[in-house]
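Let's take a walk through this chain together. Please keep the sequence and the 3D view open side by side as you read.

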Amino acid sequence: ETVSTQSTWGRAQSSRYVLRRPRKWYTNHLASLIPQLLATELPRPSVCMHVRRSDKHSEAKDTPFSRYMAAAEDFRRSNPALNSIFLSTEDNSVINDTAEYPLWKFYYCKEDRHNWNHKQVASVLGGQVLADISFANLQIHQRCEYLIITRQSNWCRLLEEMRLTGNRSSSPVWNVSPTRGGKAWY
């Protein structure tokens with residue numbers, strides 16, 4: 001076992017502990033919020049992907065949406081019934097790019113996308129609304145059988161960590177970000 005594997009496991013366990021089952025009222029609140037954000041039930045099997053944009057370009061080059069979709073196509077080769085993607089992103093142009101992939105059905109939450117960082121969103125919506133939308137997205141992501149992320153994003157690493165310690169630990173994960181030495185950089 002490498003140090004990287006151990007640190008990933010430790011971080012995943014810490015994340016799961018911090019985000020352990022919320023109080024009943026908040027669970028009920030999220031359960032009522034998800035149908036408002038996601039117009040229809042997510043079919044199975046499905047891929048979840050988070051395309052990180054907003055202020056991330058100051059830390060790393062944006063990964064083209066086509067790279068995410070190439071990963072989705074690779075998953076579909078192993079499971080031809082796969083044609084649904086839950087997509088989360090801050091960038092409306094990514095939602096617009098989905099039109100280039102008519103063989104896929106995309107699902108995403110109804111929310112204003114301004115490609116802002118979280119501080120800007122919180123100043124407009126309020127911190128509680130931002131937290132609610134984020135936790136609702138996290139719960140929806142946990143429903144999917146496949147995950148496509150960039151490990152350069154803390155949110156994407158959290159998605160992966162919650163899967164590692166939850167009911168999706170053996171589900172396939174595709175990292176679309178560049179790697180160092182052919183391995184994940186954390």
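How far does helix α3 reach from its first C-alpha to its last? The model is a predicted one, and in it the 14 residues of α3, from 65 to 78, reach 21 Å, close to the 20 Å expected at 1.5 Å a residue. Now turn α3 so that you look along its axis. Its buried residues are Phe65, Tyr68, Met69, Ala71, Ala72, Phe75 and Arg76. They cover an arc of only 155° around the axis, which puts them on the same side of α3. On the face turned away from that buried side you will find the exposed residues Arg77 and Ser78.

Stay with α3 for a moment, since it also carries a charged pair. Glutamate 73 and arginine 76 form a salt bridge, and their closest N and O atoms are 2.9 Å apart. Both partners belong to α3 and sit 3 residues apart, about one turn of the helix. How covered are the two? Glutamate 73 has a relative accessible area of 27%, so it counts as partly exposed. Arginine 76 has 14% relative accessibility and therefore counts as buried.

With one helix in hand, it helps to step back to the whole chain. There are 7 helices and 5 strands, and from the N terminus on the elements run α-α-β-α-β-α-β-α-α-β-α-β. Of the 186 residues, 45% count as buried.

Next, look at the strands, beginning with β1. This strand spans residues 47-51, and 5 of its 5 residues are buried. Val47, Met49 and Val51 point one way from β1, while Cys48 and His50 point the other way. The strand has partners too. Strand β2, residues 84-89, runs parallel to β1 and is joined to it by 5 bridges; here cysteine 48 stands opposite phenylalanine 86. Strand β4, residues 146-149, also pairs with β1 in the parallel sense, over 3 bridges, and in this pairing methionine 49 stands opposite isoleucine 148.

Following β4 takes us onward to another strand. β4 pairs with β5, residues 173-175, in the parallel sense over 3 bridges. Isoleucine 148 turns up again here, this time opposite tryptophan 174 in β5. What about the two faces of β4? Both are covered: Tyr146 and Ile148 are buried on one side, and Leu147 and Ile149 are buried on the other.

Now go back along the sequence from β4 to helix α6, residues 127-142. Its 16 residues should span 22 Å at 1.5 Å a residue, and the end C-alpha atoms are 23 Å apart, which agrees. Several residues of α6 are buried, among them Leu130, Ile133, Leu138 and Ile140, but also Asp132, Asn137 and His141. Valine 129 is also placed in α6, yet its relative accessibility is 37%, so it counts as partly exposed. Together with Val124 and Leu125, Val129 forms a nonpolar patch on the surface, and the three share about 240 Å² of accessible area.

Let's finish with the charged contacts. Side chains of opposite charge can pair when their charged atoms come close. The structure holds 5 salt bridges, including the α3 pair of glutamate 73 and arginine 76 described above. Another of them joins arginine 44 to glutamate 145, with the closest N and O atoms 3.3 Å apart. Arginine 44 lies in the loop between α2 and β1 and glutamate 145 in the loop between α6 and β4, so this pair ties together parts that are 101 residues apart in sequence. The two partners differ in how they are covered: arginine 44, at 52% relative accessibility, counts as exposed, whereas glutamate 145, at 18%, counts as buried. A further salt bridge brings together the side chains of arginine 151 and glutamate 160, at 2.8 Å from N to O. In this pair arginine 151 and glutamate 160 are both buried.

Technical notes: Residues numbered from 1 in each chain as written. Predicted model: local features only at pLDDT ≥ 70, side-chain atom pairs only at ≥ 80, totals over all residues. Heavy atoms only, no water. Buried < 20%, exposed > 50% of the residue type's maximum accessible area, 1.4 Å probe, protein only. Helix = DSSP H or I, 4+ residues; strand = E, 2+ residues; numbered from the N terminus. Pairing = 2+ DSSP bridges. Expected span 1.5 Å × (residues − 1). Patch = residues over 30% accessible without salt bridge, like charges linked within 9 Å, V, L, I, M, F, W, Y side chains within 5 Å. Areas by Shrake-Rupley, 256 points an atom, 1.4 Å probe, with all protein chains shown as cover. Salt bridge = Lys/Arg side-chain N within 4 Å of Asp/Glu carboxyl O. Arc of directions from axis to C-beta.
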